[in-house]
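Visitor: I'd like a close look at one part of this model, please: a buried acidic residue and the partner it pairs with. Once we have been there, could you walk me outward to the surroundings?

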Amino acid sequence: TDSLNEGNVNGIYIFQCDAKRAKNAALSLLPVIGWIRIYRIKEWLFSDIVSGVSTGLVAVLQGLAYCLLASLPPWYGLFSAFFPVVIYFFLGTSRHISVGPFPVLCLMIGSVVTRLVPDDGPAANITGFEGLTRDEQRVLVASSVTFLAGIMQLAMGVLQVGFVVMYLSDTLVSGFTTAAAVHILVSQLKFVLGLVVPGISGPLALIYTLEIIFNKITSSNVCDIVISLVIMVVVFIVKELNDRFKSKLPVPIPIEVIMTVIACGVSYAFDFRTRFGIDVVGHIPKGYEPPVAPNLQIFQETAVEAFPMAIVGFAVAFSVAKVYSVKHDYTIDGNQELIAFGVSNIFGASFKSFAASTALSRSAVQESTGGKTQVAGLLSAIMVMIVTLAIGFLLDPLPKSVLGAVVIVNLKGMLMQFREIPYLWKKDKPDCVVWFTTCTASILLGLDLGLAVGLGVELISVVLRAQFPRCSVLANIKGTEIYKDRKDYMDIYEPEGVKIFRIPSPIFFANIEFFRSKLVEVGFNPLRVLRKRNKALRMIRKLLKKGDLMFLRLQKGFLNTSFQPIKELEDESNMEELDQPTDFKDLPVRIDWNGELPANIVVPRVDLHSLVLDFAAVSFLDISALKGLKMALRELIRVEVEVYIVACDPYILEKLHDCCFFDDEVQPSMFFLTLHDAMLHILEKHPESTEKKFDNGKVRKARLPTFIG
């Protein structure tokens, strides 16, 4: 092991390894090595222990509760709160997130589980289901789809494509998680009401589930309803107190754990299961089950659902990790996070756990109770292991309605995201459309299809924003060298015959025609003017040739020598000839197109002599836009309008040179470094532009603005 330097000996590349590169590779693959070396035992260990114990208690409860969302026996949630946490301890880069079950992911897994192994009717025809109970079949489905999602995450991490989550905007994620909260709420109603409701998956599953619940609501278990209401009211009040007095409390009150213990004791003491017929957690097997291989046929059946699971699980965990990394001033690596979650899910699925991410409330507990590193996460996993191996039997009498109530009361944060709709509608209507469409589609079509619809709408909104941006005409703020949209200011300075047009987005094949149309709105249609002028020139030439028109040099004008009114001649030339530059070479004088023309010829007047294009916000040009831009510049130049392009990115300028953009008409001299430089040049070249005309026809010299620099 010497060096991983790449050398070339006689044309043969030799790869060597040295200690430094091996060390960097190890730190990259095992981030735990980096932070464990600087671990401050005296300062951090006690905080991590307190945090680990607190988080572990919450993880046990949430593991049992969220497992109900996945339509699995509750104790499998303890597996998901243990195995992924251990792997993330070694591979993860975040020091504060609590890895484990995430309600949205659990719900997505539950939809797959109930589709392949429904409550009523036979399971899907899958090899490997033979001889298994319904619960065992469901566990196999959940572990297999988790294994597949882990493979996808690991592949994305190895291929360094962690950037894909950037396409999930905060607005889209907010709408998606709000819809997921609605799904979770409906899915827990059967536990809160004590009803037997079959699991339904697919589009409109939520509507069908509500229909079944309302049809059976008269059969609700009063004991379950009372227990759920008490739990929800108490937990809600205490959580509000935790938020209000979090600066004064050393650690948040673990009210969910306290109420769960009380509910277990009361249920055991009064034998709720026998006396009131409520559904309880039941026997929790001790220890862990042997590893199991995933089912390849389930891979084929669930590949479409596994991909959004992989994306959503990583996106949520990465966004939470990013918040804490900024707060505590350390860096996280998106690609390494993908690898960490990929390996965690692959390893956990081998031991029958389901997809892991991070729950916001659990991560908040780990951070707020003083957690400094993932040592707290490892200790929380040890707490879960103790429950699994030793004291799980104490949870046997726990009513499932308690778990459902805990899940529902923790949905407050996600459900309150509905309040974003009025704000988004006032501030950004396209974002509001993305939010509402994502939420509605996810509620009606299911989370997987809803996410796809939301992503499609989001990409369409981005394309439309780039294709139809808000262009503006700029003006000078008097006494400064600042140029702003003239609609936003009153005391502005606009020289006569000069327009400043700002292009606020990249120019590409989809919006080049939009920009050309906006240029026409700002000034005039240069192609129409050019054709009118060339048509007028052709008419003047024919009249001079026939003798109906002659030029008087003394009067410096044309004289109509015909005693009959001159009619416009039929156009014998094609459009291509009319599009060429005006040519005065065989005429006795150059025509003043803004003056009086002979033979009653009318040509549109052009009051614009200079057009400035502000390219400060143009980040790129493609080939189609380049051709369209050159055509537009040629048309303006051919009607004697001087065009200036300012603040152009050097990369774009280099591309223009490489693509042979410049010629005899379109020249590099039209480019200026700043808008102010171009305006000074125009005012020096056209001093008459400083004259202001008033309605009474008089002309007064306008005071030039005081330019700085």
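Guide: Let's start at E305, which is buried in this predicted model, with a relative accessible area of 12%. Its side chain meets that of R115 in a salt bridge, at 2.8 Å from N to O. E305 belongs to helix α13 and R115 to helix α6 (residues 103–116), so the pair ties together parts that are 190 residues apart in sequence. R115 counts as partly exposed, because its relative accessibility is 34%, whereas E305, at 12%, is buried. Side chains of opposite charge can pair when their charged atoms come close. A search of the whole structure finds 22 salt bridges, so let me show you some others because they help to place the elements around α13.

Go to the loop between α12 (272–275) and α13, where E289 lies; its partner K352 lies in the loop between α14 and β4, so this pair ties together parts that are 63 residues apart in sequence. The closest N and O atoms of K352 and E289 are 2.6 Å apart. E289 counts as partly exposed, at 22% relative accessibility.

Now follow the chain to the loop between α13 and α14, where you will find D329. Its phi is near 60°, a positive value in a residue other than glycine. Most residues other than glycine have a negative phi. D329 is exposed, with a relative accessible area of 70%. Another residue of this kind is Q160, with a positive phi near 60° although it is not a glycine; Q160 sits in the loop between α7 (134–158) and α8 (170–193).

Beyond D329's loop comes α14. Helix α14 (residues 334–350) packs with helix α5 (residues 83–91) at an angle of about 150°, and their axes are 8 Å apart. The crossing of these two helices is right-handed. From α5 the contact takes F83, P84, I87, Y88 and L91, and from α14 it takes Q336, E337, A340, F341, V343, S344, F347 and G348. Sorted by class, that contact has nine nonpolar, three polar and one charged residues.

Helix α13 also has a part in the surroundings of α15: it is among the elements that cover the buried residues of α15, and these include α3 (41–69), β3 (99–100), α13 (296–328), β4 (357–358) and α16 (375–391). The buried residues of helix α15 (residues 360–368) are R362, S363, V365, Q366 and E367. Just after α15, G370 takes a positive phi of about 100°.

One more residue belongs in this picture. S98 is placed in the loop between α5 and β3, and it is buried, with a relative accessible area of 3%. Leaving aside neighbours within four places in sequence, S98 is in contact with T55, S357, T358, A359, R362, S363 and Q366. R362, S363 and Q366 are also among the buried residues of α15.

For another buried serine, turn to S401 in helix α17 (residues 400–409). S401 has a relative accessible area of 1% and is buried. Not counting residues up to four places away in sequence, S401 touches F191, V192, D224, I227 and S228.

Let's go back to charged pairs, this time further along the chain. The side chains of E642 and K685 meet in a salt bridge of 3.2 Å, N to O. This pair links distant parts of the chain, with E642 in strand β12 and K685 in helix α27 (residues 675–685), 43 residues apart. K685 counts as partly exposed at 47% relative accessibility. There is also a network of salt bridges, which links K630, R634, R638, D663 and E665.

Finally, a word on confidence. The chain averages a pLDDT of 85, and 89% of the residues score at least 70. Among the elements of the chain, strand β12 (residues 642–646) has the highest mean pLDDT (95), and strand β15 (residues 699–701) the lowest (41). Over residues 1–14 the pLDDT is below 50, and this stretch has 26 contacts in the model beyond near neighbours in sequence. Residues 692–709 also stay under 50, and for them the model has 38 contacts beyond four places in sequence.

Note on methods. Residues are numbered from 1 along each chain as its sequence is written. This is a predicted model: local features need pLDDT of at least 70, side-chain atom pairs count only at pLDDT 80 or more; totals for chains, interfaces and linings use all residues. Side-chain values use heavy atoms; hydrogens and water are left out. Axes are lines fitted to C-alpha atoms, for helices over the stretch in contact, and angles run from 0 to 180 degrees between N-to-C directions. Helices (H or I, at least four residues) and strands (E, at least two) are DSSP runs, numbered from the N terminus. A crossing is left-handed if the near helix is turned anticlockwise from the far one by less than a right angle, and right-handed if clockwise. Contact means heavy atoms within 4.5 Å. Ala, Val, Leu, Ile, Met, Phe, Trp, Tyr, Cys and Pro count as nonpolar, Asp, Glu, Lys and Arg as charged, and the others, Gly among them, as polar. pLDDT is the predictor's confidence in each residue, from 0 to 100. Buried means under 20% relative accessible area, exposed over 50%, partly exposed in between (1.4 Å probe, protein chains only). A salt bridge is a side-chain nitrogen of Lys or Arg within 4 Å of a carboxyl oxygen of Asp or Glu.
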